[in-house]
Amino acid sequence: MGLGQLLSYPFMQHAIVAIFFAGIAFPLIGVFILSLNLIPLRFAMMHIALLGGAVGLFLKVDPLFLGLLFCSISSLVMGPVSEKMKVGLGALSGYFMTLTLAIAFILFYKANIHVVQAFSILWGSILSLTFVDLLLVIVVSVLILGLVAVFYKEIQTILYDREVALAVGLPEKMLYYAMIFVLGLTIAVSMRMIGALLIDAFVLLPAIAANLVSKSLKQVFFFSSAFGLISGMGGLYLALVFDLPTSSTIILVASLIIGICAIYERRTSFYGKGTSG
Amino acid sequence: MHHSIELEDVHARLGNSTVLNGVSILASPCEFVAVVGANGAGKTTLLKITNGTIQPQQGRVKVLGYDLSRSDHCHSVRKEIGLVPQRTISHRFPICVEEAVLMGRYGKIGLMRRPGEADREKANESMKAVGIFPLAKKPVHELSGGQQQKVSLARALAQEPSILLLDEPTTYLDADSSSEIMETIHSIHHQRRLTTLLVSHDPQWIDQYCDKIYLLKEGKITLTRG
């Protein structure tokens, strides 16, 4: 089957549009995760989605929908709960990670659910997105881009230092919680697209690469989006041409970009030091 | 008499330990007040209570007429308080000095609005006032601890505050730089007619600049001078 013919199929068009939006928007969440050190929260969200999937299979409701619902609710409550209980978000994430997994296993056991079936939520597939999935990707992407564009100066201050944001009189808590909520939504939607285990391809890897070559936060956001788009589209193209799994090729392209950025960073910092004496 | 800062019988706990045990402090408008105490005496907690970041377990806190037991008052009063924290930024965050100083304007600009030319001008004036204007384009994480503290001071001044809170402003500085920064703070305090509350473990630079000194020991005020 030729590439042109492949592109005429709706599933392929869905994949291309989803990669376009997610490639541009989702890496901005990666910038939040890296700057605020929220990697444990991202792991917790994966496990919470798994519990949602387990409940879905138990109740015979769409497991992916319940995964999304569980992630949205937990991302809404985890920030305030962590502040109220005076427990760091990292520790709270660890708590939720193990608790949700324990409950999920009880459900699998009691309902006689095959574990592989339940864990299917962790894989995802960009080539099997429905129209509703695509709409979700677009809505969450627009939400992320809107949040960053409208609240840029507030987000910049929170990413720099939450205490400074509070001290200068910004509504730091409200904005921080909003950022965590959007992060939860992004993780949940990414799972439908690419699977929980490979979320980093869209969310973290482009942001890591951008951090290596940027000199301002605006550049970090810009390069994150650019690298996300390049790795998404490049990965899809390679998958189609060489008949490989899309998620893996997207990660390979993103990793290659990180490698190139790391070499660039080493060279510029080496010559920078050399010239400054 | 109307005071800018009134802390009355303030008690605060961090975890299981009592940090402040019935502390009362008064600062009149344009007064330069220092609280001196050893590390762990509760000085930073005192500053956080004064800008409404944390609530005391007991006692009354009134700043610029705002009762800080109300959260809406805490939010309003923070826009009028310039805070210079002790800690510095060690992680690599891509931001230059002028952007970090401009953040002092963000609370007053309001949500969703971008800083204008007047805000940038105020940030420039603040950088000049503390002598870091030549560093405007430098990344903050590349600065020394002392230079970063000056960035925090410039940011606090860009806020055009009525009150300046300083947490150990000479911590990262050598003797010459400590004297220089204290001179700068003192002159800004007079020029801008600020109420200044400084906490420090080092009484060396305090005597000659402050109108009033409190000695904080084991969570209690043990001595007041001035």
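## A walk through chains A and B

Let us start in chain A, where P40(A), L41(A), F43(A), A44(A), H47(A), I48(A), L50(A), L51(A), A54(A), V55(A) and F58(A) of α3(A) meet L89(A), G90(A), S93(A), G94(A), F96(A), M97(A), T100(A), L101(A), I103(A), A104(A), L107(A) and F108(A) of α5(A). By class, the residues of this contact are 18 nonpolar, 5 polar and no charged. Please keep in mind as you look that this is a predicted model.

How do these helices lie against each other? Two packed helices are described by the angle between their axes and the distance between the axes. Here, helix α3 (residues 39–59) and helix α5 (residues 89–110) of chain A have axes that come within 8 Å and cross at roughly 20 degrees. An angle under 35 degrees counts as roughly parallel, so α3(A) is roughly parallel to α5(A). The crossing of α3(A) past α5(A) is left-handed.

Chain A offers another helix pair to set beside this. Helix α7 (residues 131–150) and helix α10 (residues 172–194) of chain A pack with their axes 10 Å apart, at an angle of about 150 degrees. Because angles over 145 degrees count as roughly antiparallel, that is the description for α7(A) and α10(A). Here too the crossing is left-handed, as α7(A) passes α10(A). On the α7(A) side, the contact is made by D133(A), L136(A), V137(A), V140(A), L143(A), I144(A) and L147(A), and on the α10(A) side by A178(A), V182(A), L185(A), T186(A), V189(A), R192(A) and M193(A). These residues divide into 11 nonpolar, 1 polar and 2 charged.

Now cross over to chain B: 21 residues of chain A are in contact with 20 residues of chain B. On the chain B side, α2 (71–78) and α4 (106–109) are the elements that give two or more residues. That side of chain B is made up of 11 nonpolar, 6 polar and 3 charged residues.

Within chain B, the domain assignment gives domain 1 (1–80 + 163–173 + 194–226) and domain 2 (87–160). Taken over C-alpha atoms, the centres of these two domains of chain B are 24 Å apart. Domain 1 of chain B puts 6 residues into the contact between them, and domain 2 of chain B puts in 7. The domain 1 side has 4 nonpolar, no polar and 2 charged residues.

Next come the strands of chain B. An open sheet of 4 strands runs in the order β2-β1-β4-β5 (chain B), with antiparallel pairing. Its edge strands, each pairing on one side only, are β2 (17–27) and β5 (66–67) of chain B. Helix α1 (residues 43–50) of chain B packs on this sheet and touches β1 (5–14), β2 and β4 of chain B. The direction of α1(B) makes about 125 degrees with that of β1(B). At the β5(B) edge, strand β4 (residues 58–63) of chain B pairs with β5(B) over 2 bridges in the antiparallel sense, and K62(B) stands opposite D67(B).

Further strand pairings involve β9 (residues 212–217) of chain B. Strand β3 (residues 32–37) of chain B runs parallel to β9(B), joined by 5 bridges, while β9(B) and strand β10 (residues 220–225) of chain B run antiparallel, also joined by 5 bridges. You can follow both pairings from Y214(B): V35(B) stands opposite Y214(B), and the bridge partner of Y214(B) in β10(B) is T224(B). Finally, β9(B) and β10(B) form a hairpin with 2 residues between them, and E218(B) in the turn has a positive phi of about 45 degrees.

Terms used. Residues numbered from 1 in each chain as written. Chains lettered and ligands numbered in written order. Predicted model: local features only at pLDDT ≥ 70, side-chain atom pairs only at ≥ 80, totals over all residues. Pairing = 2+ DSSP bridges. Contact = placed C-beta atoms within 7 Å. Axes fitted to C-alpha atoms, helices over the stretch in contact; angles between N-to-C directions. Nonpolar A, V, L, I, M, F, W, Y, C, P; charged D, E, K, R; others polar. Parallel < 35°, antiparallel > 145°, perpendicular 65-115°, else oblique. Left-handed = near helix turned anticlockwise from the far one by under 90°. Domains from an automatic or database assignment.
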